[in-house]
Amino acid sequence: MPKPAPGTAATLPTGWLMLEDPDRPDAAAVNQLLQSCGQPERSIERVALALQRSDLLVSLWRPAPGGAGHELVGLVRATSDRSLNVNLWDLCVLDDVQPRARYIHLLMQSMLLRLRRDLAGCSISMMTTAEDVPELERFGFLESPNGIRAMALQLRL
């Protein structure tokens, strides 16, 4: 049984899981999630390579219909040069997971706790949708000037 992310058990509904490295979903499940969240289809090979090259990954799972395992419903992953910069990718939660902002918050909270522990001092940037900007601002991300939906966060030591 995979080990849930620290501090998430009390905040998730019964049976749900928030998983961190080394428990990573397979490329097909990630590709299906990304498409369900409005992103274009990618080749399984490309998704597998992105997962392989990710330094950290946090995933959200709910019980599958009929009680047959769990279904991937949310994700955020990070790549880093391990000295100065971290980039967050593919932050997504299915639209039927409500309140969506709550689960975006939990994914980001889990990811940022790991980054503060494992990659303290790196600046963090990400591209996001306009819908997620308010939730990310709660963590201290600042929207880029010029209207670009890039956001950055500087971790303090």
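Start by selecting R62: this residue is buried, with a relative accessible area of 14%. Buried here means under 20% relative accessible area, exposed means over 50%, and partly exposed is anything in between (1.4 Å probe, protein chains only). You are looking at a predicted model, where local features need pLDDT of at least 70, side-chain atom pairs count only at pLDDT 80 or more, and totals for chains, interfaces and linings use all residues. Residues are numbered from 1 along each chain as its sequence is written, and side-chain values use heavy atoms, with hydrogens and water left out.

Keep R62 on screen and add D96. Their side chains meet in a salt bridge, at 3.1 Å from N to O. The pair links distant parts of the chain, with R62 in strand β2 and D96 in the loop between β4 and α3 (100-118), 34 residues apart. A salt bridge here is a side-chain nitrogen of Lys or Arg within 4 Å of a carboxyl oxygen of Asp or Glu. Helices (H or I, at least four residues) and strands (E, at least two) are DSSP runs, numbered from the N terminus. Is D96 buried or exposed? D96 is exposed, with a relative accessible area of 51%.

Next stop: select R82 and D55. Here is another salt bridge between side chains, 3.5 Å from N to O. R82 sits in the loop between β3 (70-80) and β4 (85-93), while D55 sits in the loop between α2 (44-53) and β2 (56-63), so the pair ties together parts that are 27 residues apart in sequence. Colour D55 by accessibility and you should find it partly exposed, at 21% relative accessible area.

Now move to helix α3. The helix has 19 residues and reaches 27 Å from its first C-alpha to its last, close to the 27 Å expected at 1.5 Å a residue. That expected span is 1.5 Å times one less than the number of residues. Show the side chains along α3 and look for the buried ones, among them Y103, I104, L107, M111 and R114.

Stay on α3 and pick R114, which is buried at 12% relative accessibility. Then add D118: the two side chains meet in a salt bridge of 3.1 Å, N to O. Both lie in helix α3, 4 residues apart, or about one turn of the helix. D118 is partly exposed, with a relative accessible area of 32%.

Which residues does R114 touch, not counting those up to four places away in sequence? Select E20, D21, L56 and L119; contact means heavy atoms within 4.5 Å. With E20, the side chain of R114 also makes a polar contact of 3.1 Å. (A polar contact is a pair of N or O atoms within 3.5 Å; within protein, one must be able to donate a hydrogen and the other to accept it, and residues adjacent in sequence count only if both atoms are side-chain atoms.) Add R117 to the selection, and you have a network of salt bridges linking E20, R114, R117 and D118.

Finally, zoom out. A search of the whole structure finds 13 salt bridges. The chain has 4 helices and 7 strands, running β-α-α-β-β-β-α-β-α-β-β from the N terminus on. Of its 157 residues, 44% count as buried. Residues 24 or more positions apart account for 56% of the contacts in the chain with a separation of 6 or more.
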